[in-house]
Amino acid sequence: MEHYLAIVMVALGTYLARYLPLRFRFRIGIEEYLEYSSAGLISALFVTSLASSKPVSASVLALIVVLLTFLRWRNLGLSILAGVAAHLVITLIQKGY
Amino acid sequence: MFKKGLKGSVPIVLGYFPVAVTFAISAMAMGFSETETILASMLIFAGASQFALIALMPQSFLSAVVIPIALNLRHIVYGCIVSRRVNVKKPFLTAFGLTDEVFALSLNADDEKFIWGLEVGAYLAWVLGTLAGTIGGSFLLSSEAIAPSLTFSLTALFLILLIPNLKGYRALAVAVGGTVAMIFNMIGCASIGILLAGILSPIIVSRVRAWSTTWR
């Protein structure tokens, strides 16, 4: 029962953190502030996801593939697929397959 | 626009599925039943918080509830930004699936239905991944080479989303946000680092901009 209660409470807290700013359209600053904030947040999400990716060396090399294919094709989905494929190949090579 | 959002959710789907499978296996190993595990993904829909919840539950009920909620306070910043960029008519619906990755992709949106498309794709991947994890998780994760590569799609996604921000003072915000996240990641508080990156980046960039204007 304790598990269910914890799940419901965390779900409620998470939903409110997402819902309240959308419902009441909080104003935390000017447009410029939000623009810099979103740039900083995406950068933070990128760094955090890169740091937690395994292996990091394969991720760094695969990111080069992502960057080059995106600059070439300007297609988000294709670049990500190319990156995932490159990551898999690099990982397999590193493991000696 | 909904279909466009659904198509746009593919990178998120690829990244969420293996993480959800991992969550399911970990939750069951920590003593959560199959029903509780699936219910957590259906109701909470927030990766880091769900992992914190199952990890902290054996220690204390209070920390298992408070810490996951604290981890999600950064979503307040997301909501503020989305509500300024997109005309949100049904916040009770849009709010439910506003995860880190959905937020990042929604910055390219100008329609609420596009965000719903992203959210439905992401949510289905998360819940179905959890379901798969509870049914045959050990079999799906037996290929240790494939799972990390699928998760890499999230890192690739964030990199591409960073590119338009590498201009002018926004590039400085990227540098500040990345540095803050890196520091907090190193001390094991990644979620707090993300929250602080969203708060500190605009403060520091605004100050630098004001100083450079004064010295001109």
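This is a short tour of a predicted model with two chains, A and B.

Let's begin with the chains themselves. Chain A is built from four helices and has zero strands, so to speak an α-α-α-α run when read from the N terminus. Chain B also does without strands, and its helices number twelve. Reading along the sequence of chain B gives the pattern α-α-α-α-α-α-α-α-α-α-α-α. The table puts a few basics for each chain next to each other.

| Chain | Residues | Buried | Helices | Strands |
|---|---|---|---|---|
| Chain A | 97 residues | 47% | four helices | zero strands |
| Chain B | 216 residues | 54% | twelve helices | zero strands |

One more number for chain B concerns how its contacts are spread along the sequence. Take the contacts in chain B with a separation of 6 or more: 66% of them join residues 24 or more positions apart.

**Where the chains meet**

How many residues of chain A are in contact with chain B? The count is 60 residues of chain A, facing 77 residues of chain B. On the chain A side, the elements giving two or more residues are α1 (2-24), α2 (31-52), α3 (56-73) and α4 (76-94) of chain A. Of these, α2(A) provides the largest share, with 19 residues. Sorted by class, the side of chain A that touches chain B holds 36 nonpolar, 17 polar and seven charged residues.

Ile42(A) is a handy residue to look at here. Setting aside its neighbours within four places in sequence, Ile42(A) is in contact with Ala104(B), Phe158(B), Leu161(B), Leu162(B) and Asn165(B).

**The nonpolar core**

In soluble globular proteins, nonpolar side chains tend to be buried together. In this model, the largest nonpolar core has 91 residues. Which of its residues touch the most other members? They are Ile42(A) and Val66(A) from chain A, plus Tyr16(B), Ala20(B), Ala122(B) and Phe158(B) from chain B. Ile42(A) and Phe158(B) both appear on that list, and they are in contact with each other. As for helices, α2 of chain B (residues 10-29) gives the most to this core, with eleven residues.

**Two helix pairs in chain B**

Two packed helices are described by the angle between their axes and the distance between the axes. Start with α2(B) and helix α3 (residues 34-43) of chain B, whose axes come within 9 Å and cross at roughly 140°. Because of that angle, α2(B) counts as oblique to α3(B). Their crossing is right-handed. From α2(B), the contact uses Ala20(B), Phe23(B), Ala24(B), Ala27(B) and Met28(B), while α3(B) brings Glu34(B), Thr37(B), Ala40(B) and Ser41(B). In class terms, this contact has six nonpolar, two polar and one charged residues. Ala20(B) turns up here as well as among the core residues that touch the most other members.

Next come helix α4 (residues 47-56) and helix α5 (residues 61-71) of chain B, with axes that come within 8 Å and cross at roughly 160°. Are these two helices roughly parallel or roughly antiparallel? Angles over 145 degrees count as roughly antiparallel, so α4(B) is roughly antiparallel to α5(B). The crossing of α4(B) and α5(B) is right-handed. On the α4(B) side, Ala48(B), Ser49(B), Ala52(B), Leu53(B) and Leu56(B) take part, and they meet Ser63(B), Ala64(B), Ile67(B), Pro68(B) and Leu71(B) of α5(B). This contact is made up of eight nonpolar, two polar and no charged residues.

Methods:
Residues numbered from 1 in each chain as written. Chains lettered and ligands numbered in written order. Predicted model: local features only at pLDDT ≥ 70, side-chain atom pairs only at ≥ 80, totals over all residues. Axes fitted to C-alpha atoms, helices over the stretch in contact; angles between N-to-C directions. Parallel < 35°, antiparallel > 145°, perpendicular 65-115°, else oblique. Left-handed = near helix turned anticlockwise from the far one by under 90°. Contact = placed C-beta atoms within 7 Å. Nonpolar A, V, L, I, M, F, W, Y, C, P; charged D, E, K, R; others polar. Buried ≥ 20, exposed ≤ 12 C-beta atoms within 10 Å, placed from the backbone. Core = buried A, V, L, I, M, F, W, Y, C linked by C-beta atoms within 7 Å.
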